[in-house]
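Could you walk me through this model, stop by stop? I have it open in a viewer and would like to know what to select next and what is there.

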Amino acid sequence: MIEIVKGLNGLLTVKKDGVFLLSSYDPLKEINKFINNLQVKEDEFLILFGLGLGYLSKELSKRYKVYAFLPFPEEKEFLTENVLEINSYNILQIIEKELVNGKKPRLISLESYKKYFQNEYSEFEKMLILNTKLAVENIKVSSFFIKVWFFNFLRNIYIGLKRKYRFFVSVNEKTDKDVLICAAGPSLNENIDFIKDNRDKFIIISVLSAYKTLNYFGIKPDIIFVTDGGVANSFYFDDFPEGVVIFADIYSSSSFLSKVKNDVVFINFLDEIENPSFMLCDPSVSVSAGKWASKITNGKVIFSGFDLAYSKIYGSHSFPNSFTNPFFKKFNRFFRLENYLFGFLKRNDLHFSDKITNKQFQLLVENIKNEFKNFYCLPNKTGIEFLNPIDKINFNSSYYSLTTLSLSERKLEINKLLNKLEKKEEIDKILIKEKTKKIDIEQDKLYKKIQFLIDKIRRQIRD
C-alpha cells in the first residue's frame with residue numbers, strides 16, 4: 001500500500017506498506033545528498049527508476065536529460081514537463097534517439113525504491129538491457145541501409161504518382177473477418193493442408209517471401225505485404241500472382257514495385273512525407289504485417305510460418321521459395337553447398353538446439369511479446385512459441401467459428417476493406433486528379449518536393 005503523507009518539516013514524503021521510502025523528516029535534504037554523490041558523464045542520459053516523489057527528477061532535470069519509469073501510479077502527479085515518462089511502448093525509440101546523439105543510458109534509482117520495488121526494478125532493468133541491445137542492432141542496420149531507403153522513398157513516390165497507387169492514410173472502419181498472416185518460416189509447410197482446407201475462412205496476408213510457397217500449393221493470398229528495401233526482392237517477381245493487392249512500406253524495394261502490375265497501397269506515406277525518417281519502422285515484415293492486421297480487423301490475427309528459428313530437419317525457409325533450384329529439395333542453409341556460399345553456420349550469434357535461433361530473433365521475440373500477446377498462431381514444430389496456439393482439431397467448433405465466403409464474396413470483402421481504408425478527400429490531394437493533366441506538371445511538383453528533402457538532409461548532415 002502506497003501512502004503520500006507530510007513529513008515532520010511539512011514536505012511530502014512517501015510510505016510503502018508502512019515503511020518510509022524517503023526521509024520522514026527532510027526528504028529534499030536526503031535527495032540532494034544522493035545527487036551530490038552522483039558522477040554523471042557528458043555522454044550519458046539518465047533513466048530514473050522512480051521520481052523520488054518529484055524531488056529527484058526535478059533536481060536532476062535542471063542539469064541533465066532525464067527520463068523516468070514510474071514503479072507506482074501515485075507518482076504520476078509529480079511528473080513535470082521536462083521529464084518524459086519511459087515505458088515499454090516508447091523505450092526503444094528513446095534509446096535509439098539518444099544513442100544516435102552520442103548518449104548512453106544510465107539507470108539511476110534510490111536504494112529504497114530498488115529494495116521495496118525489487119521485482120519491478122528487476123523487470124525494468126531487463127527491459128532496458130534488451131531494448132538497448134535492440135537499438136544498437138537497429139542503428140547498425142539503419143546506417144547500412146539508409147541510402148537504399150532514401151532512394152526507394154523518392155522512386156516509390158515517383159512511380160506511385162505515375163501509376164496512381166493508393167497512398168494509404170488511416171483505417172475508418174474494420175472488417176470482422178479473421179486475418180491469417182503467412183510468413184516464410186518452414187512451419188508454413190506443416191500447415192499448408194489446413195490452410196487449403198480452410199482457405200475461405202480467412203483474409204490471407206502473405207509476406208513477400210512466402211507467396212511462392214502458397215502459390216505452389218494453389219493458395220492465392222488476398223494481400224501481399226512488402227517492407228524490405230533490398231534489391232534482392234526482385235527475385236520474387238517471377239510467377240507473381242495477378243489481382244493481389246500489395247501493402248507496401250514507402251521505403252520498400254522500388255526495384256520490385258516498379259516491375260509488378262498489381263495495385264499498391266503505401267501504408268505509411270503521409271506519416272513519412274511530413275517528417276521522413278528514411279528507415280523502416282519494424283525489424284521484420286511479419287511484425288509490420290501483424291500490426292497492420294490488428295488495425296484492419298475486429299477478428300483474430302493468426303500467424304503461420306512466423307518461426308523466428310531455423311530447423312535442422314526442415315531448413316530455414318518454407319518450400320518452395322524464390323531460391324529453390326533443381327539441386328535442392330528444399331531451401332536449407334545447412335546443406336553443404338549453401339553453407340559454403342552463405343557461411344551461415346560460421347556466424348557467432350547462433351544458439352543451437354533442435355531449433356536454431358540467433359540473438360536478433362531472440363531480441364525480436366522479447367520486444368513483441370507484449371504487443372502480440374493477443375495474437376494466435378497455427379501449431380508448429382520448428383518455431384519459437386510465443387503466440388497463442390489455435391486448436392486445429394476444434395477449429396470449426398462453436399469455440400472458434402468462422403463464416404465461409406466464396407471467392408467472389410471474398411474479393412468483394414477485400415474491395416470493401418480497401419474502400420474503408422481510404423480517405424478520398426486527402427488522397428486526391430496527392431494523386432493526379434484528371435487524366436488530361438500532363439505528367440510533367442506532376443514531375444515538377446515532385447522534383448521540388450525531392451529538392452526540399454535533399455536540402456533538409458544536407459542541413460541535418462551539416463548540423
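Start by selecting Ser284, in the loop that runs between helix H10 (269-274) and helix H11 (285-296). This is a predicted model, so keep that in mind at each stop. Is Ser284 buried or exposed? Ser284 counts as buried, because its relative accessibility is 13% and the cut-off for buried is under 20%. Now show its surroundings: leaving aside residues up to four places away in sequence, Ser284 is in contact with Phe306 and Leu364.

Keep Phe306 selected, since Phe306 leads to the next stop. Phe306 is among the residues nearest the centre of the largest cavity, together with Cys377, Asn380, Ile384 and Leu387. The full lining has 13 residues: seven nonpolar, four polar and two charged. The space inside comes to about 70 Å³. Searching the whole structure gives two cavities of 30 Å³ or more.

Next, go back to helix H11 and pick Lys291. Which side chains does Lys291 meet in salt bridges? One is Asp282, with 2.5 Å from N to O; another is Glu371, with an N to O distance of 3.9 Å. Glu371 sits in the loop between helix H13 (359-368) and strand E18 (376-377), so its pairing with Lys291 ties together parts that are 80 residues apart in sequence. Colour the three by accessibility: Asp282 is buried at 12%, Lys291 is partly exposed at 22%, and Glu371 is partly exposed at 43%. Together, Asp282, Lys291 and Glu371 are linked in a network of salt bridges. The structure's count of salt bridges is 12.

For another of these pairs, move to helix H5 and select Glu123 and Lys126, which lie three residues apart, about one turn of the helix. Their closest N and O atoms are 3.9 Å apart. Both Glu123 and Lys126 are exposed.

Stay with H5 for the last stop, the largest nonpolar core. This core has 44 residues, and those touching the most other members are Val14, Leu22, Leu60, Ile86, Tyr113 and Phe124. Elements giving two or more residues to this core include helix H1 (27-36), strand E4 (44-49), helix H3 (91-100) and helix H5 (118-163). H5 supplies the largest share, seven residues. Finish by centring on Val14: beyond residues up to four places away in sequence, its contacts include Ile2, Leu22, Leu53, Phe72 and Tyr113.

Methods: Residues are numbered from 1 along each chain as its sequence is written. Side-chain values use heavy atoms; hydrogens and water are left out. On a 1 Å grid over the protein atoms alone, a cavity is a set of points where a 1.4 Å probe fits but cannot get out, and a pocket is an open set with protein on both sides within 12 Å along at least five of seven lines; lining residues have an atom within 4 Å of a point. Grid points are joined across faces, edges and corners, and a volume is the space filled by probe spheres set on the points. Ala, Val, Leu, Ile, Met, Phe, Trp, Tyr, Cys and Pro count as nonpolar, Asp, Glu, Lys and Arg as charged, and the others, Gly among them, as polar. Helices (H or I, at least four residues) and strands (E, at least two) are DSSP runs, numbered from the N terminus. Buried means under 20% relative accessible area, exposed over 50%, partly exposed in between (1.4 Å probe, protein chains only). Contact means heavy atoms within 4.5 Å. A nonpolar core is a set of buried Ala, Val, Leu, Ile, Met, Phe, Trp, Tyr and Cys residues joined through side-chain atoms within 4.5 Å. A salt bridge is a side-chain nitrogen of Lys or Arg within 4 Å of a carboxyl oxygen of Asp or Glu.
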